[in-house]
Structure formats: structure tokens, C-alpha cells
Amino acid sequence: MPRPDQPHFAWGRIPRPAFGADYNPEQWDTAIWKDDVRLMREAGVNLVSLGIFAWSWVEPGPDVFDFSGLDEVITLLHEAGIAVDLSTPTAAPPLWFSHAHPESLPVTADGRTLAPGSRQAYCPSSPAYRDRAALITRRLAERYGDHPAVVMWHVNNEYANANAHCWCDTSAAAFRNWLRTVYGDDLDALNDRWGTALWGMRYSDWEQVIPPRTSTSGLSPGLWMDFYRFSDAEHLACFRAERDILRAHSPGRPVTTNFMASALRWSDYWRWAREVDIVSNDHYLMSEDPNRSADLAFAADLTRGLADGRPWMLMEHSTSAVQWQPRNVAKVPGEMARNTLTHLARGADGALFFQWRQSAYGPEKWHSAMVPHGGEDTRIWRETKALGNAVAGLADVAGSTCPPAETALLLDYEAMWALGLPHRPSTDLTYSGVLRDWHRALWTLGLLCDLVPAPGEQRLLLVPSLYALSTDTARALEDYTARGGHLVVGPFSGVVDPDDRVHPGPYPGALRDLLGLRVDEYLPLTAGGIVGLDDGSTGHIWAERVVPDAGTEVESRFTEGPAAGGPAILRRGNTRYLATRPDVPSLLRLLPLWAAGAGCTTPVRGAGHGVEVVRRSAPGGGTWLFAVNHTENPVQVAATGVDLVSGIRSPGAITLPAGGVAVIAED
């Protein structure tokens, strides 16, 4: 939720549920604009994101502003009753700017300056970039800040996607200033936290501190962690600067930027979510991923967790194929609707696509759109119109929320960064992989899952990987279990602090007393290696030699591998520890046992194994049951009420056809 000192913005005049796309009229002749608006009305579009990459369109030369095209498009949209999410175009500095300020271009770790000519070709620490970004933002806000068509603002685009880190001299100076603030200008404190006694790399002057540029061998993990934090902070500072200008000139209109939450990369979105008025996310399926339906749910659950009770929306997804995967497989008929309804089921109050009209040129011309190259006589256009009508019928659902889940996964971005650094015991033990495996198992079982930054009121908290752990988080886990919460901790957790320094004493460091055990040795497996457990489970990637304390129960043991005969799953009170990474089939057997032991509610009849069943409820009364069948067979789901998609009443169960969707307004 927003901090008490932050204004809380209601959705106000933003359509709910929102339905639309990124609109890029600058790519098209003006004659097409009126036809675009006609088709938008036909498809039920009520919100478009406008101007995201339009900097050179509205400022074709330094201080030469031309808003005539944008004026005309906004007028056309407004007259048609279509609201505008107006963007600051600062993700795409014009070529005139890059050529005038070559020092603003990003530099790689090995010293190569990246050329202009694409989006995000800027260093976020560049004063020249920040000044010009502030100027174009202010001019847009002054001109359109009170325009009735503009219902929200969209800052930049997908921060840190292509320029997450910059190693230029400007970044180096900004990094030093950031460190001096963080460490209170105490260079000895920095040396201590980074462990610079190793290899004699102690700093004696602040000017010696540089970003982790390519060197002869490994660099301090502490240096890397602080560089990651600094880089994230610089992008966030760029966002804040533009956001504050917009708030000053366009009060009352919410400001957002589109996250890439499920990519699990370089932005700590728990921090970012506190800074936006509405959480929005982009999500694109990996078309060849056999678990792509589960990935949809993961993205939606994570975005809902970031919103923390506030409205949120899906800002971008695709009608069909994208252009950037090795093989850009088209979505099958009905998949677009299932993708959209999955997000709405899990709490979204809007779903937009990239983009409205498929580009005729450029790198994204093979990215699908609401209006394909073939125009109106295409399957995608027909499905787009049908989906728009279905979404329009869900007006009563808007504003309702998903109740808090009884099961949650703990997500810590800094722990993810730390585990991904070089020189870990196994490159196979990835944070993203283990988190997605556990979530996919819960999805398969039909168990709703929240993603959280810290323990809360959930009955069952799953911590499948938490390599880096602060003492504050360790205490929070202790408090959670003391309140009666059930905790499951995965292997290689609690080992180091946030600066990647090993916690003193035996492993697992900060969690040793809570778990009631000692890890004698970590035993990563060879490529493709697996280990069996005497309860029938299978572990892969990892094993540990564990010595339990008195009072700690051994629930299962390894039957093979480097820890054969030793404990594999241990329990102390309502806390469990896994000394291996279970595969998904094993999780499908174990998780229901742990959920039942924690008192979690069983899923709705018919849910699971490719059938999503999620309930949303309104504060003033009213519940809606969303059912999405991702399988190739018809299924029956327990439900009583009227399906808002088909209009058919369900007396107690619905038969959902293969690939079908339903939204039941429950009696």
C-alpha cells in the first residue's frame, strides 16, 4: 500500500475493466487515424496508451516542439469516448539528443559504448538525459495535464529492460556518491562489508572505487550487490523525477510505469510498487514453454502481490505471436481470451495489448496486434472483437478483489541477485527456476498463491530458496512461526547476509536455530543428477549432509546419492526444511500434505491440472467465479449462478469445453 505520506489515487475516470492497447499513430498516415478510432469502438476499446516512443515526433529538434499530431489524435480519441494513458516518451531519446550528447550513451562492463538507434539508449545517471527527460515531461504535462481525455500517465517504458546497468565514467561517479551516502562516507566500513582484504583489494581512496568492470578474474560479490542496488536506485530516481513533475501539473491523475515483474531480473519491484499510483505489468508468454499457462498465473499472482490490495492492470500482452523469441509460435484459437481472463480472474482491472495496429516496418513488424496486417478479415481481429465484448460484460466485476490466499511464496529480489552471482556451488540452482517450479505445482493443484516480500497472515509460507538472508528477515520468520504459521524452507537458504558474507557458525546461519539443524556440507549434484527419498520423492540439482538437533524430526531420508541415509526432509514444530530441491511431481505429492497440515481450504471441485478456478469478491457483496480451462478436454466445475460470458445459468456445476472460459456471477 502507499505510505501515509503518499497520496492515494482512485481509478477515477479510468475505465474498468480497461481494454485496449499501445497506440502508435506516428507510424501511420493521418488518413488511417479515423479508421483506427472506428475499429477501436467496434472492438470495445476504452483505453489506449499513447506516445510511449514519440519523443522525436513531438520534439523533432532541440527545443522545437510540435504537438499538432498528438493534439489531433487525442481529440479523435476523446470524441469517440476512448480514454488516454498518456506516456512520457523518455524510453526513446531522439537521435539528435544522442548525437549532441554521446556521453549519455550506455557503456558495457568491457568499455564498449552502445550506439544510438534503438530504445533505451541512455545512461540513467546522465545529467544531460535527466535534464531533457524533465523538459519533455514538463511540456507534455503543461499541455495535457488537465485534458479530459487524459485519465492517467505512463512514465517511460519497461525500465531497465535494455539498459539495466551502465559502466560509464558518469555512472562510476554517481556510484561513488551513492556509496558515500550509504556508508556514511566511511571507506573502512565499505572495505569491511565488501571483504576487500581478499586478494589485497582494499580501497584507500574513494576515487579507486569503480563499478564492477571486466577484470582479470572474479570481483567482490559485495561490489556486485551494491552495484545492482545502485543501478536499480538510479532508474527509480529517473521515474520519481518525471512522476513528480506530472503530479505537480496534472494533480489527481494516477501515474504508473509498466513493470516486467515475472521476468525476475534487475528491478526490486517491492520498492517500485510503493512509488506508483497504479501497479501495471507487461507479460509475454514463451510460446514453446509447455508450462506457459502456469506462467500466466505466476505473472498475475506476482502483480497482485505487488499491488497489495490496490487496483492493478495488465499493461501489455500479445494477441498472438511476438517477434523476439527464437520461434514466434502463434497462439491457438481461444488462447488470447484465456490469457486475458487469467489475469482478470486473479485480480486485474484491465488488460491491454501491445499493440493496436501491427507495424508495417521496423523490428516489431512481426509482433502481433489487435489489428493484424490482414485487417478486419482475420481470425485475430474476430477474436479481438469477441474478447472486447466479453470484457465489457464484466463491468460489475471491476473493483472486486481476490481474497488473500492461505498459501504464499516469499520473493526476495536481492536474494535472487546474490544467488545469480558467479562462483556459486551450482549454476543449476537458480532462484527463478525454483520459485516457478513451486508456483507451478500450486497452480496444478488448484491452490491460490500470493507472492509476498515478508511473512504475513497466510497459513502456509513457502521459502523455496533464500540464499541471502538478513537477520531482520530471519526474525520475521521466527515471529511468523511463533504466531502459528507453517513454514517450509528449501535448501541453501539463510547462508549469507545481504552483502554475500557467510553468516557466522554452522550452516544454515541465520536460520539454524529456527530450523533446529546443522548442515555439515553442501553437495551439489552433477548435471542431470537426481536423488531418491524413502517417501517416494525425487530430488534434483542439490543435496545436503544434515545433522538434526535434538527434538527435530526426520520425515524422510535420502536413499541414494552423496547424502544417502541422511535426512532429506526435517520438521521442527510447524517448520520444515528440505535438504534437496524436489522435482515438480514430488511437490505435487508433498504440497497437499503440508497445506492440509496448515489447515488450508481445499480447492473448488474441478479446479487444478490445467483448470483455473479463482473467486473475486466485492466489499459491498457479490462474488464472481472465474473458470479457465487450459486443457484439451471438457471439464466440470462446481458453480451456481449466471455465466456473464455465455449468459447461461449454472444450477450447481458448469461444463467447461476444452479451452473454454466462464465468469459466474454467483447466487
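# A tour of sheets and packed helices

Begin by selecting strand E16, residues 538-540, together with E21, and you will find the two paired in the antiparallel sense over two bridges. The model you are looking at is a predicted one, and that should be kept in mind at each stop. Within this pair, pick out His540, whose bridge partner in E21 is Arg581. Now widen the selection to include E15, since three strands form an open sheet here in the order E15-E16-E21, with antiparallel pairing. The edges of this sheet are strand E15 (530-532) and strand E21 (581-582), each of which pairs on one side only.

Next, move to the sheet whose seven strands run in the order E11-E10-E12-E13-E20-E19-E18, which is open and has mixed pairing. Its edge strands, each pairing on one side only, are strand E11 (449-452) and strand E18 (553-557). If you look across the sheet, neighbouring strands are turned against each other by 20 degrees on average, direction ignored. Inside it, select strand E12 (residues 460-463) and strand E13 (residues 486-489), which pair in the parallel sense over four bridges, and note that Val463 stands opposite Val489 in E13. Then add helix H14 (residues 431-445), which packs on the sheet and touches strand E10 (407-410), E11, E12, E13 and strand E20 (575-578), while the direction of H14 makes about 175 degrees with that of E10.

For another parallel pair, select strand E1 (residues 18-23) and E9, which are joined over four bridges, with Ala21 standing opposite Phe353 in E9. Showing the side chains of strand E9 (residues 350-353) reveals that Gly350 and Leu352 point one way and Ala351 and Phe353 the other way, and that all of them are buried.

The tour now turns to helices. Select helix H1 (residues 30-43) and helix H3 (residues 68-79), which pack at an angle of about 30 degrees with their axes 10 Å apart. H1 is therefore roughly parallel to H3, and the crossing of the two is right-handed. To see where they touch, display Trp33, Lys34, Val37 and Met40 in H1, which meet Gly69, Glu72, Val73, Leu76 and Leu77 in H3. The residues of this contact divide into six nonpolar, one polar and two charged.

Keep H3 selected and add H5, whose axis comes within 13 Å of that of H3 and crosses it at roughly 45 degrees. That angle makes H3 oblique to H5, and H3 passes H5 in a right-handed crossing. On the side of H3 the contact is made by Leu70, Asp71 and Ile74, and on the side of H5 by Leu140, Arg143 and Tyr144; these residues divide into four nonpolar, no polar and two charged.

Finally, keep helix H5 (residues 127-144) and add helix H8 (residues 221-249), which packs with H5 at an angle of about 25 degrees, the axes lying 9 Å apart. H5 and H8 are therefore roughly parallel to each other, and their crossing is right-handed. The residues to display in H5 are Tyr129, Arg130, Ala133, Ala134, Thr137, Arg138, Ala141 and Glu142, and those they meet in H8 are Glu234, Ala237, Cys238, Glu242, Ile245, Leu246 and His249. The residues of this contact divide into eight nonpolar, two polar and five charged.

Notes: Residues are numbered from 1 along each chain as its sequence is written. This is a predicted model: local features need pLDDT of at least 70, side-chain atom pairs count only at pLDDT 80 or more; totals for chains, interfaces and linings use all residues. Side-chain values use heavy atoms; hydrogens and water are left out. Axes are lines fitted to C-alpha atoms, for helices over the stretch in contact, and angles run from 0 to 180 degrees between N-to-C directions. Angles under 35 degrees count as roughly parallel, over 145 as roughly antiparallel, 65 to 115 as roughly perpendicular and the rest as oblique. A crossing is left-handed if the near helix is turned anticlockwise from the far one by less than a right angle, and right-handed if clockwise. Contact means heavy atoms within 4.5 Å. Ala, Val, Leu, Ile, Met, Phe, Trp, Tyr, Cys and Pro count as nonpolar, Asp, Glu, Lys and Arg as charged, and the others, Gly among them, as polar. Two strands pair if DSSP finds at least two bridges between them. Buried means under 20% relative accessible area, exposed over 50%, partly exposed in between (1.4 Å probe, protein chains only).
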